[in-house]
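Here is a friendly walk through one protein model, meant to be read with the structure open beside you. Start with the picture, then take the bullet points topic by topic.

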Amino acid sequence: MLPSENRLRRRQDFATAVKRGRRAGRPLLVVHLSRDGDLKGQADRTSDSRPHVAEGTPSARAGFVVSKAVGPAVVRNLVKRRLRHLVRDRLSRLPAGSLIVVRALPQAASASYQDLERDLDAALKRLLKAEPATTAPTGAGR
């Protein structure tokens, strides 16, 4: 189980991570990661929009999307529990204040715990290795 301060619950937080964050797709899942730097231009996040976070450095928060395409409720819940456990152990690697959404694909229903772990680690490695895109100053070298 994820601690309360590490859970995404609001639709707006899911949308922010998916629309403004970076995405890494794997055969079993898709991971969306939105870092603090990806949130520039948004209104300042106050404590009333995140009631479970105490003052100070916000912790990384995670959410999961497991649709009916994955399978019946028993299978979806199994996949969700496995993903929650895997992400819980990896939250400390994420930048403070980041949002992560893990979307399970239908193939995740028949995947083992180790297969999910391998795909999650590969996706996070790719997302954390990639630096935010920076633009070169215009007129450089003139």
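**What surrounds helix 2**

Strand 2 (29–34), strand 3 (61–66), strand 4 (99–104) and helix 3 (113–129) are among the elements that cover the buried residues of helix 2. Please keep in mind that this is a predicted model. The protein has 3 helices and 4 strands, and from the N terminus on its elements follow the order α-β-β-β-α-β-α.

**The protein as a whole**

- Of the 142 residues in the protein, 37% are buried.
- Take the contacts between residues at least 6 apart in sequence: 79% of them join residues at least 24 apart.

**Helix 2 and its buried side**

- Helix 2 spans residues 73–90, which makes 18 residues.
- From its first C-alpha to its last, helix 2 reaches 26 Å, close to the 26 Å expected at 1.5 Å a residue.
- Which residues of helix 2 are buried? They are Arg76, Val79, Leu83, Leu86, Val87 and Arg90.
- These buried residues lie on the same side of helix 2, because they cover an arc of only 100° around the axis.

**The sheet**

- The 4 strands form an open sheet in the order 1-2-4-3, with mixed pairing.
- Strand 1 (22–25) and strand 3 are the edge strands, each pairing on one side only.
- On average, neighbouring strands of this sheet are turned by 15° against each other, direction ignored.
- Helix 1 packs on the sheet and touches strand 1, strand 2, strand 3 and strand 4. The direction of helix 1 makes about 85° with that of strand 4.
- Helix 2 also packs on the sheet, where it touches strand 2, strand 3 and strand 4. The direction of helix 2 makes about 160° with that of strand 3.

**Strand pairing, residue by residue**

- Strand 2 and strand 4 run antiparallel and are joined by 6 bridges.
- Valine 30 has arginine 103 as its bridge partner in strand 4, while leucine 33 stands opposite isoleucine 100 in strand 4.
- In which sense do strand 3 and strand 4 pair, parallel or antiparallel? Their pairing is parallel, over 6 bridges.
- Valine 65 stands opposite arginine 103 in strand 4. Arginine 103 is thus a residue to look at from both sides, given that it is also the bridge partner of valine 30.
- Strand 4 is largely enclosed by the rest of the structure, because 5 of its 6 residues are buried.
- Strand 3 is largely enclosed too, since 5 of its 6 residues are buried.

**A polar contact from helix 1**

- Aspartate 13 sits in helix 1 (residues 11–20).
- Is aspartate 13 buried or exposed? Its relative accessibility is 1%, so aspartate 13 counts as buried, the cut-off being under 20%.
- The side chains of aspartate 13 and arginine 61 are joined by a polar contact of 3.3 Å.

**Leucine 94, in a loop**

- You will find leucine 94 in the loop between helix 2 and strand 4.
- Leucine 94 is buried, with a relative accessible area of 9%.
- Setting aside neighbours within four places in sequence, leucine 94 is in contact with Leu33, Ala60, Ile100, Leu124 and Leu128.
- One of these contacts, leucine 33, is 61 residues apart from leucine 94 along the chain. The C-alpha atoms of leucine 94 and leucine 33 are separated by 9.1 Å.

**Alanine 108, in another loop**

- Alanine 108 belongs to the loop between strand 4 and helix 3.
- The relative accessible area of alanine 108 is 1%, so this residue is buried.
- Which residues does alanine 108 contact, leaving aside its neighbours within four places in sequence? They are Leu28, Val79 and Leu116. Val79 is one of the buried residues of helix 2.
- Alanine 108 and valine 70 are 38 residues apart in sequence, and their C-alpha atoms are 6.9 Å apart in space.

Technical notes:
Residues are numbered from 1 along each chain as its sequence is written. This is a predicted model: local features need pLDDT of at least 70, side-chain atom pairs count only at pLDDT 80 or more; totals for chains, interfaces and linings use all residues. Side-chain values use heavy atoms; hydrogens and water are left out. Helices (H or I, at least four residues) and strands (E, at least two) are DSSP runs, numbered from the N terminus. The expected span of a helix is 1.5 Å times one less than its number of residues. Buried means under 20% relative accessible area, exposed over 50%, partly exposed in between (1.4 Å probe, protein chains only). The arc is that of the directions from the helix axis to the C-beta atoms. Contact means heavy atoms within 4.5 Å. A polar contact is a pair of N or O atoms within 3.5 Å; within protein, one must be able to donate a hydrogen and the other to accept it, and residues adjacent in sequence count only if both atoms are side-chain atoms. Two strands pair if DSSP finds at least two bridges between them. Axes are lines fitted to C-alpha atoms, for helices over the stretch in contact, and angles run from 0 to 180 degrees between N-to-C directions.
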